[in-house]
Amino acid sequence: MDSHDIATLESLEEHLFSAMVLEHATLPAYLTALYSIKPGTNQDASNILRVVAVEEMLHMTIAANLLNAIGGTVNLTQTGFVPSYPTYLPDSIDDFQIHIEAFTPSALETFLKIERPVYLGTVQQRVVKRRIPNHVWCLSPNKDGTTQYTTIGEFYNAIKESFIRLEAEAQAKGSTIFTGDPAFQITSEYYYSGGGKLFPVTNLDSAVQAIDLVIEQGEGYVDEDKPTGVFDQYGEIAHFYRFEQLRLGRYYVRGDKPGFPTGPAIEIDWDAVYLTVVDPKLADYPEGSELYQAALNFNIAYAQFLALLTEAYNGKRELMMRAAVPAMFDFRNLMNRLIRNPAPQQHGRHAAATFEIDATNAILGTAKA
Amino acid sequence: MHLRIDPTRLTTPHEAVGDGHYDAVIVGSGLSGAIIAEQLCKEGKRVLMLEASPITNKSLRGYNEYVTNFFVSPSKDNQSPFPENPNAPMPRTPTLRKLQPGEVNTNSYIVQAGPYVSDSNYTRTLGGTTMHWEAKTPRMLPEDFKTRTLYDQGLDWPIGYDDIEPDYQRAEREMGVSGDVAALRYPGGSPYPKNYVYPMQGLPLSYLDHMVDRGIAGTSVELDGETIPLQVRPYPQARNGVPNAAYDGGKGYTPVGAVNTHQVDIGERCQGNTNCVPICPVQAKYWSGKTLAKVLRMNDELDKGEIKILPQAVASKVEINPENGHVSGIQVKVYKTPGSPEHETITVRGKIYVITTAAIETARLMLASGLPSSSGLVGRNFMDHAFILCWGLMPEICGTYRGSSCTGGILDLRNGPFRKNQAAFSVDIHNDGWGWATGSPYSDLTSLVDDGNLFGGPLRQGLVDRLSHQLLLAFMIDVPPSESNRITVDPQYTDALGNMRPNLSFTTPEYSMRGAAYARQFAKTVFSRLGVDDHTQYNPENYGYVVYEGVGYEIRGGNHLCGTHIMGTSKNNSVVDTNQRSWDHANLYLVGGGSMPSIGTANVSPTIAALCYRSARAMLKQLS
Amino acid sequence: MNKTEFYAKLSTPANDPASLALAAIQGDGEAGTYLRGVYDQFLAFSVEVTAFSRFDLEGTGQGEAYFATVIQVVGYEILEQLLDTFTSIINQTGGESTLVRNDLLRRRLFGNERLGPIARNIVKLWFTGNWYQLPRNWSEKFGPAPKDVTFTVSANAYVEGLLWTTIGAHPAGAKAQGYGSWANPPRIPEFGSDAVVR
Ligand SMILES: Cc1cc2nc3c(=O)[nH]c(=O)nc-3n(C[C@H](O)[C@H](O)[C@H](O)COP(=O)(O)OP(=O)(O)OC[C@H]3O[C@@H](n4cnc5c(N)ncnc54)[C@H](O)[C@@H]3O)c2cc1C
Ligand code: SF4
């Protein structure tokens, strides 16, 4: 066994929780970029950002299903679940940071880095040794965090292999790792997000299928054995290539080689965007102003939403449809309202949601241990 | 799925004429045209589809333009998404006016000869009227097929409910119906086969529905000595909901979302845009482009059948071979742009001809071709549901203006012995407030500001008080066939291409007016149980105003166009047979609501769609 | 762009009024400062007559478009007169209750033959995105205003109409609230506070 492998069920649970953290961490960035686009303009970019954001939410839910399947605990109200922006991603230590910012060329470059494809290699190639700066949250196969996965896809591959091995070990002893309550599984009946189906994870097959879906929708494979490239076998296009279309100014169509799209042209009007304060903080807004209050209210609503999701992932599935989905539709309005307001003393920049959830919880005194 | 109408799928007038190998020429791309095309292509047939309008909505951008047209139209009338096209015009409500006795309104596309003015409409565009239908999909009742026998009213069908029940199921699959069969199994409802479920679970009832139900559940009304219990029941609807795992013997169902998109997955579930009429912005609502997308995929990927679509092609004359009465071709006027009447006239040919242009246009085309049929019934027996609206304010906030146009209603008065004396009805609870009746919410806002002199906080409170309490009950009333209710043509009245326009003469039958009068009473009863402040007011200046037994009502058109080429048992009592094949012209099918000899109290499209499957089987038999 | 240039440009049909207005109020120098002042007054008036906060109003993204619309249709002089009247009412009633202020607003603004219909139209703009044609007797007396017909300012103006926010609903065809949300009670925002509902 290699030291980079996820060797115990406990470690697998940690990894899956990290997967939820990770999938979620991209949302504030994608949503801010999406809503910074002035309504009625940049249709193509809006569509792409929306689809990707929606799928990240789906991936987070899949990760919850995987974690619940092996009897782990899902808790999104835990301190640190929402990172402080700018933030590194697990595969980006020393590399790039992700920001809450408007839709700009540099934001697009960041998105491409987030979703960069998986290069399937040996386990040794899968991780790199880097020094981790202090206080930076990261995904790492070993506790001390001295090594990290090179891409999100590699991270999921490690999870997949761990599922396979741990289940084989359990089976050999006449047991299984899939001991979670099937009534905790969120399926399409409870949550529909457009693109991608949610199915229950109850055994190894469904677990592997779920992980593959996340990898294929996210980064896509670049691998000789899996010549799926731009589109997967279902004709779906991975996030990386979705974004790359914006960089290259053209849609991919089936049969295209990576880097050479031949579909309809895409035009981007970079000026039709509200430029927002980069990585905004409540402290950037005048205390006591309507803007400050609205930004704070957003954080409160978001913290409540995470608490609600936690309940939904812990057996109250019906809350997904009844409360969580309407809340998501609501965030669109709340974020838009912030983004359309100029932020005073910020050089003409507009406001945006700050996503300072831990700080908000601290203010409210509701932070959970 | 993609609605990939790429250039290879479109044909030109030149090609369409030159290519003599079509099995079928289908006129119209609506619900009926699309289903027939799908059924024929599935069996490898070659189809030419004529569509009168340009097909801009084949791309998402084009579709979204329709949505934007609606947004920027201050009147928000229900045809506002669809641009004016003098070469293939459609009825538009703002062109209507009240008629004085003997007066004719020739300004509206349908020449209104009165005495009753119909504000019903249909849409001439790719997808036809499914672009702007509401997509409520109840089935007809078994009794609706034999009203003459049972109630001494109207006409019996030559087929019964059981004959088309399996085709209802096919239609419900194709249209993607969400519905709660368990809640719809009740004495007097449409019987469903044991174990049948709809493809998707029922859409949740609205908060407003629940408030109404709370007030009436457990109460009843007396009618003709019968006690009828009241409750709010959900409507089945052709909009995407939660797939039902039990569907199709446990195989489940995969909803079809928006079809003309590129890398955008939307529309697989209704989001509650509350805009089903006149256009669903995400295509969660069924429109026939979804069926066309299937046809195109069948052609492309499965190499099955072939469809060619000729847009901007207005069928203008059905040509007959005098020797055998067969149709020898269809004369088509193909225009260059909607802005100019410039066109070329061609004749296209196939083995069979299928006209699916909906009751009014089909009658218009037949009559303009000099083909009233040997029974003389083409254009006659025109039917449409008569609606009366009753509205008021609920005592509590009910959150009106959310959800699909209508999720629930009162369905227990659709049938009963009373049908001997008065028309049955079903009752819709409108989630979109008083809009249909009064122009709400805009009319409320302007009146609170201009007449109520409110602004600031009192205005906001006023809006909540006025809008969030709104309840509108729409009574959809049965209208029996009558030969004098009819579509005719007149060379005096033509459109830009010189095609004769439809003329409508219509009187709401007394039987239906009795139903309407009872409906108004019924509404008062329900309102009194709910504590509703009744605001219903019928304005003598409005075009739908009718006085019955000294009391005025406003009758609105139901947009459910039927009966201009009814089916029957012989060429003497009908225009088409039970397969919607013309008695007179053996290779001609008139497919659509026009074939229905009665309308009952169900929205018509599931029945229209079901009949399409029946006809397609006959066509395939004829073609083999 | 100085004030007169801005007002003149607004009457050229080819120009996009909202972006012109935006450029004008962000402009440098005296003209910029002046126009910013007028726009601020316009928003202050709008807050007063809609009972939505300035944050909510700016949150629609329609402020500049409505500002430009009023000027385009009835001219800047009348708008400035309206706003000056408003400002003087506010100055006069500083520290007094809404009731007192509303009395004056009615007597001097909404009840003013020339300004009343414009004030009401600004209210309607915010709530629906529609400019409504002014009453005939207004045009006869103070007109003519060639652009004074009923129209929707833009697709987004329709979508951002505050009417819908007021009743906890959404504009038909946009800002959907999600599958099944219609089964819940509506969430009607409190006045004067952000539309987050508790
Ligand atoms: C506002 C409204 C709400 C409705 N709500 C419901 C409902 O809730 N439930 C329900 O069951 N039904 C409803 N209906 C009725 C429903 O829309 C119709 O029954 C259905 O769409 C009929 O389909 P069709 O294919 O027969 O005709 P259409 O959909 O009208 O299609 C006719 C087609 O023929 C084309 N065409 C017309 N003339 C020519 C010509 N001369 N040459 C070439 N092409 C031509 C048209 O462009 C169109 O594509 C509603 C209708 C309206 C208007
Ligand atoms: S409620 Fe909305 S999303 Fe649902 S069908 Fe109607 S318009 Fe479409």
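Look at B:Gly408 first: this residue stands opposite B:Ile429, which belongs to strand E14 of chain B. Keep in mind that you're looking at a predicted model. The facing pair is part of a longer partnership, since E13(B) and strand E14 (residues 425-430) of chain B pair in the antiparallel sense over four bridges. E13 of chain B has another partner too. Strand E6 (residues 233-234) of chain B is joined to E13(B) by two bridges, and these strands also run antiparallel. Here, B:Arg233 is the residue that stands opposite B:Gly409 in E13(B).

So is strand E13 of chain B buried or exposed? Five of the five residues in this strand, which spans residues 406-410, are buried, so the rest of the structure largely encloses it. A residue gets called buried when its relative accessible area is under 20%. While we're on strands, here's a handy rule: in a regular strand the side chains alternate between the two faces of the sheet.

Now let's move to the ligands, starting with ligand 1. It's surrounded by 36 residues, and B:Ser32, B:Glu51, B:Thr129, B:Lys136 and B:Ser605 are the closest of them. What kinds of residues make up the shell around ligand 1? Sorted by class, there are 14 nonpolar, 17 polar and five charged residues. Several elements of chain B each bring at least two residues to this shell: helix H2 (31-42), strand E8 (313-320), helix H10 (358-368) and helix H15 (605-623).

Zoom in on a few atoms and you'll find some polar contacts with ligand 1. A backbone N or O atom of B:Ser605 sits 2.8 Å from an oxygen atom of ligand 1. For B:Ser29, a backbone N or O atom lies 3.3 Å from an oxygen atom of the ligand. B:Ala315 plays a similar part with a polar backbone atom, 2.9 Å from a nitrogen atom of ligand 1. How much of ligand 1 does the protein bury? Taken alone, ligand 1 exposes 1000 Å², and the protein buries 97% of that.

Ligand 2 has its own set of neighbours. There are 13 residues around ligand 2, and those that come nearest are B:Arg239, B:Cys270, B:Asn273, B:Cys276 and B:Cys280. The shell breaks down into five nonpolar, six polar and two charged residues.

Last stop: the aromatic rings. Across all chains, a search of the whole structure turns up 52 aromatic pairs. Take B:Tyr538 and B:Tyr553: their ring centres are 6.1 Å apart and their planes meet at 45 degrees, so this pair is tilted. The two residues are 15 residues apart and link distant parts of the chain, with B:Tyr538 in the loop between strand E18 (533-534) and strand E19 (545-548) of chain B, and B:Tyr553 in strand E20 (residues 551-554) of chain B. B:Tyr538 is buried, at 15% relative accessible area, and B:Tyr553 is buried as well, at 5%.

Over in chain C, C:Trp138 and C:Phe142 also make a tilted pair, 5.6 Å centre to centre with 50 degrees between the planes. Because they're four residues apart in helix H9 (residues 136-142) of chain C, about one helical turn separates them. C:Trp138 counts as buried, with 4% relative accessibility, whereas C:Phe142 is partly exposed at 28%. Finally, look for a cluster linked by ring pairs: it contains B:Phe70, B:Phe71, B:Tyr401, B:Tyr442, C:Tyr158 and C:Trp164.

Notes: Residues numbered from 1 in each chain as written. Chains lettered and ligands numbered in written order. Predicted model: local features only at pLDDT ≥ 70, side-chain atom pairs only at ≥ 80, totals over all residues. Heavy atoms only, no water. Near = heavy atom within 4 Å. Nonpolar A, V, L, I, M, F, W, Y, C, P; charged D, E, K, R; others polar. Polar contact = N/O pair within 3.5 Å; in protein donor to acceptor, adjacent residues only side chain to side chain. Areas by Shrake-Rupley, 256 points an atom, 1.4 Å probe, with all protein chains shown as cover. Buried < 20%, exposed > 50% of the residue type's maximum accessible area, 1.4 Å probe, protein only. Pairing = 2+ DSSP bridges. Phe/Tyr/Trp six-rings, centres within 6.5 Å; stacked < 30°, edge-to-face > 60°.
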